[in-house]
Amino acid sequence: SKAAAAEQRSRGQNAVVSVQCSTTPPVELEACSGTRDWYPEEFRLQRWLYEKFRATARATGFEEYDAPVLERQELYKRKAGEEITQQMYAFVDQDGVEVTLRPEMTPTLARMVLGRAQSMMLPLKWFSIPQCWRFETTQRGRKREHYQWNMDIIGCKSVSAETELLFAVCEFFKSIGITSADVGIKVNSRKVMASVLDSYGITAEKFAPVCIVMDKLDKIGADAVKAELVDTQGLPAETAAKIVECLACKTVSDLEALCGEGADQTGIDELKRLFELAEDYGYGDWLIFDASVVRGLAYYTGIVFEGFDRAGELRAICGGGRYDRLLSLYGAVTEVPACGFGFGDCVIVELLKDKGLLPELPKSIEFVVAAFNEGMQGKAMKAASMIRAGGSDVDMLLEPKKKVASTFDYANRIGARYIVFVAPQEWENDMVRIKDLRADYTDKDEEKQLDVKLSDLGRV
Ligand SMILES: Nc1ccc(Br)nc1
């Protein structure tokens, strides 16, 4: 600001040249509504989060993939009343193609796997951190984009796949300091829910839309869910009441008791097996059975789960499940078992803030190289090149400062550890002077600096 520049001049230092902007700029300077700019300071945190996602994916043998943010709308044509398909950032492009910014990544994954079906060796363990979009009306004031870590296993019908995904979720939480005291993962099975609802007369084609309504329980409450089941799904009131009741089951056995006579046991067996394997895997304390979890995506067919903060202050942190019929919906000639989860970049940051676990990520660099004057600039650049050749990061001071104090100010501002001064006197002896800015030396100046031979710069 003008005041800061004047203040610095008054301190006898060159003002840091800063940008001045008109109070009535000709272009909007804010990002589009519902979207976020990532300035370097904010992006350091975002990149830290992505690196934690990637480290967990790498540790569990997942490969990274990516795809265009732009997809054809047909990929999401599902008639189950999901919010995600009703809020697509969709348009018709200049070729008349009905396209959309992707609202989620799983359909893209399915498209890609089928796109090279012959060459796919199953099981696939793939992950990605795509930006996903929704067109929220501005008055809802919610975000229209987020980055969502996706992890999927394609081609494994065993509940070991879900167990592996849940291991990765817990590992990620632990890697950022979150414990099972902070967060739990609710687990349920749509396969079992389908069996219970079948006994209530809910047919297979009605099941997905009914799940989308059941998934709203936390948001709109039991009465509104019952009303919506009656009004939009045409269910008798007593059936709607029984459905809401079954969501309150506290144990797998309670839910099992609601399955019809002679109902298929597979879903129950899978749930029990998952809890057993989780104990062996060492994360059983993170899991809790919760019959109210059905998730809000139409294509889930089996185990479903969602991460939640035990303080109950935040929305779901992550979620996922099995979707065995999605690839055959897109053209696979047989059912291809699949399961996965999505983990957004927003709620987790709110949780880290609440827990005081946000990392300190100051701007930092190892070296700044400063020429004594314009005449030494070329030699300073040569020195910078030699230090970089040795694998160290160097910020080259582009315009030599008139006062040494200003060079120190610049070095501190960019978080440099060492200043390399390139001056005529030392250069004559093939040397440069390196000062350690983090040295907690005694006040003897000579220890704070070292004259280093040019030939050693590749090894500093
Ligand atoms: N599906 C979706 C996309 C974007 C945001 Br923000 N939230 C959910």
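Here is a chat about a predicted model of a protein chain with a ligand.

Colleague: Let's start with the whole chain. Is the protein chain compact or more spread out than a compact globule?

Modeller: The secondary structure comes to 18 helices and 17 strands. For 460 residues the globule rule gives 23 Å, and the radius of gyration here is 29 Å, well over that, so the chain is more spread out than a compact globule.

Colleague: What box do the C-alpha atoms fill?

Modeller: Take the box along the principal axes of the protein chain. The C-alpha atoms then fill roughly 95 × 55 × 45 Å.

Colleague: And what share of the residues is buried?

Modeller: The accessible surface of the chain comes to about 23,900 Å², and carbon and sulfur atoms hold 51% of that. As for the 460 residues themselves, the buried share is 47%.

Colleague: On to the ligand. Which elements give two or more residues to the shell around the ligand?

Modeller: Around the ligand sit I84, P103, C132, W133, R134, K143, R144, E145 and H146. The elements giving two or more residues to that shell are β6 (131-133) and β7 (145-154).

Colleague: How many residues of each class does the shell have?

Modeller: R134 and E145 are among the residues around the ligand. Counted by class, the shell has four nonpolar, one polar and four charged residues.

Colleague: Which residue has a polar backbone atom 2.8 Å from a nitrogen atom of the ligand?

Modeller: A ligand nitrogen is 3.4 Å from an N or O atom in the side chain of R134, but that is a side-chain atom. The backbone atom at 2.8 Å from a ligand nitrogen belongs to P103.

Colleague: How much of the ligand's accessible area does the protein cover?

Modeller: On its own, the ligand has 260 Å² of accessible area. The part covered by the protein is 86%.

Colleague: Now Q73: is Q73 buried or exposed?

Modeller: Q73 is in the loop between β2 (70-72) and α3 (83-86). Leaving out residues up to four places away in sequence, Q73 touches M88, A90, F91, E98, V99 and T100. Its relative accessibility is 11%, and buried means under 20%, so Q73 counts as buried.

Colleague: And W38, in the loop between α1 (2-10) and α2 (40-59): how does W38 count by its relative accessible area?

Modeller: Leaving out residues up to four places away in sequence, W38 touches F43, Q46, Y147 and D345. The relative accessible area of W38 is 27%. Exposed takes over 50% and buried under 20%, so W38 is partly exposed.

Definitions and conventions. Residues are numbered from 1 along each chain as its sequence is written. This is a predicted model: local features need pLDDT of at least 70, side-chain atom pairs count only at pLDDT 80 or more; totals for chains, interfaces and linings use all residues. Side-chain values use heavy atoms; hydrogens and water are left out. A residue is near a molecule or strand if one of its heavy atoms lies within 4 Å of it. A polar contact is a pair of N or O atoms within 3.5 Å; within protein, one must be able to donate a hydrogen and the other to accept it, and residues adjacent in sequence count only if both atoms are side-chain atoms. Accessible areas come from the Shrake-Rupley method with a 1.4 Å probe; for residues, only the protein chains shown count as cover. Helices (H or I, at least four residues) and strands (E, at least two) are DSSP runs, numbered from the N terminus. Ala, Val, Leu, Ile, Met, Phe, Trp, Tyr, Cys and Pro count as nonpolar, Asp, Glu, Lys and Arg as charged, and the others, Gly among them, as polar. The radius of gyration is taken over C-alpha atoms; the globule rule is 2.2 Å times the number of residues to the power 0.38. Buried means under 20% relative accessible area, exposed over 50%, partly exposed in between (1.4 Å probe, protein chains only). Contact means heavy atoms within 4.5 Å.
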